[in-house]
Number of protein chains: 2
Amino acid sequence: MNRKLSDTYRNLPTLADVARSAGVSTATVSRCLNSPAQVQQATRDRVLEAVTTLGYSPNFGARALAARRTGTIGAIIPTMENAIFARAIQAFQEALHENGVTLLVASSSYSPENEADQVRTLVARGADALMLIGHDRDPGIYEFLERRGVPVLVSWAYDPTQARPAIGFDNRRAMSALADEVLRLGHVRIGMISALAAGNDRARDRIEGVRDAMRAHGLDPQSLHLIETPYSIGNGAEAMAGMMAAPARPTAVICGNDVLAVGALQTARQMGIHVPREVSITGFDDIELATVVAPALTTVHVPHREMGWQAARLLVEMLGGGVTPPPVCLETELCLRGTLAAPSK
Amino acid sequence: MNRKLSDTYRNLPTLADVARSAGVSTATVSRCLNSPAQVQQATRDRVLEAVTTLGYSPNFGARALAARRTGTIGAIIPTMENAIFARAIQAFQEALHENGVTLLVASSSYSPENEADQVRTLVARGADALMLIGHDRDPGIYEFLERRGVPVLVSWAYDPTQARPAIGFDNRRAMSALADEVLRLGHVRIGMISALAAGNDRARDRIEGVRDAMRAHGLDPQSLHLIETPYSIGNGAEAMAGMMAAPARPTAVICGNDVLAVGALQTARQMGIHVPREVSITGFDDIELATVVAPALTTVHVPHREMGWQAARLLVEMLGGGVTPPPVCLETELCLRGTLAAPSK
DNA sequence: CTGAAAGCGCTAACAC
DNA sequence: GTGTTAGCGCTTTCAG
């Protein structure tokens, strides 16, 4: 026992210890751990036994240094505080875990500067690849990642004009389909409560989706009463209050997501405005919240779990083969529930 | 340019490149980055300039290997799918980030085996320390961490009989206070919908809290109609349906957390049972959901954000000084809202 | 305050 | 199949 580990008395076994104990070379031990097929059964058994008796576990830094990769993927989501991204991230993590990849999650709080910062942090932490939400960000970020050879997968958005790998859905078309449903019922005065559109392509696309539908129904898209506010139930409630105080109240309020919609619903209840008789409200995402409120929220179902696990699949593919898969478009689905009805005449 | 980087053309600058470019040794560059105070202003400026012009960023693996730490802390929470842990984790992450520490989050899906697996994964990923929820787990896990010199902080639970570092609240006392409030209103037939108690000390403590209150009010704790079920709105709803179908319905149903309570509320609504006139329902945690439902949920407020950031503070302390801080107990608060009332006679 | 140099523990050619 | 060995890029004594 003549190691020179200074103060902290921590003498963890190393590859060399295992090799010695099993009477093989370090290379063989390494192979047993990384590509067992290359090692003879008998040798392997001996080595694995040594591993367990010594309680060996590889040193992360050393491995990362020598292999030039960490087996870690970073994801930056706008927020962890509500359920919007939770389900997808959970599925994403599970699928990555099955492939021996660890997920590092960070959140940007919907701030572009914050996100840029997190990108740098994750790369500095050795993320082999990144999963980001939406395409819309400073091109410098993409250049930085390119230069460092860190592949990126964009998720939550499908935009055929963007060539980079992506898995998502067509926010504009999905919202347009929902708005079409609203307009077909005869609503003419339309309100919309959206997330802040700056730096958020999903929010912008959803707004445009509503305008598309208005055009298709012969309405002036400029007549859309639009309020932008950060995502939160409270903000949705506040925006709704403003909207309902206006002289010509909309008869239908389309919300950029379920969280805002639930806030709007809350305000309607407080103001004694009946939903859907006096005002219809719709959401987007179909998170659990949507079916918990009464009446249940009409919304657009997003295949969160599938998006999560497919994202993992794509990323693992990108890392393994160095390939650049084409963008994947998932289908969304209209959920017609209690908060939408024809305007009362 | 005579590097031997094989196929992938990726020639990122190294410490040595920076040193050469700035005309100093690698040691000096390292110091500039890690303890700038030790370097003369002029030298430092020169080095930092070289860093930016070369676009240098340290290699994670190399740094981890040489420094024998990664600057990463792992957290394992039971689930990311609902908001119970979201707020605390968000605060935890923010506070760690401010201290230059990166958070690695994993979830166990409330499965002990899964958790044990994640512990090993996180340690293998180089986590310098771990944050776990609750004390209750196989002692082997604590031994494993001890042997590897990985400090642990338990959170979400305060149990004075456990010596290890912890930050949480007294689940038993908090639930007892809530149950006391219920019983004081005159409820006698009490139901409880709890999370699975096996391997979950928080759930067990909350059940005992209810029983404590019953004893204090002269009721037989055995008369508590208890149903255990995994956390989810759907399961809460189902348990409630079973409970309301029983011959002698409880007049108050105490739920182990808000998620279950919201499910119970949903069932009551569907069955046309008025809350709180015909049955009172209470939750625990005070997540956003609690105020979104109607009537709003009577529950126990848990200081999630504070728990998160204090956990970060403690962990940073433990890593820095090698100290073992004593357990910290936070206060919870009763939130009396619409779902609780005296039983109708 | 700065430089020289010895590793940190592991992987991946390459040789046998 | 298995062994040898040269690094991977950085931190950290130890001298100066």
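**A guided look at two chains and their DNA**

Guide: Let's begin at DNA strand C: the residues near that strand come out as 13 nonpolar, 12 polar and 1 charged. This is a predicted model, where local features need pLDDT of at least 70 and side-chain atom pairs count only at pLDDT 80 or more, while totals for chains, interfaces and linings use all residues. Residues are numbered from 1 along each chain as its sequence is written, and chains are lettered from A and ligands numbered from 1 in the order in which they are written.

Visitor: What makes a residue nonpolar, charged or polar?

Guide: Ala, Val, Leu, Ile, Met, Phe, Trp, Tyr, Cys and Pro are nonpolar, Asp, Glu, Lys and Arg are charged, and the others, Gly among them, are polar.

Visitor: Which residues are closest to DNA strand C?

Guide: They're A:L15, A:A62, A:A66, B:A27 and B:T43, out of 26 that surround the strand. A residue is near a strand if its C-beta atom, placed from the backbone, lies within 6 Å of it.

Visitor: And which residues are closest to DNA strand D?

Guide: A:A27, B:L15, B:A27, B:A62 and B:A66, again from 26 surrounding residues. These 26 divide into 13 nonpolar, 11 polar and 2 charged.

Visitor: What is the radius of gyration of chain A, set against a compact globule?

Guide: Chain A has 26 Å, whereas a compact globule of 345 residues would have a value near 20 Å. The radius is taken over C-alpha atoms, and the globule rule is 2.2 Å times the number of residues to the power 0.38. Along its principal axes, the C-alpha trace of chain A spans about 90 × 40 × 35 Å.
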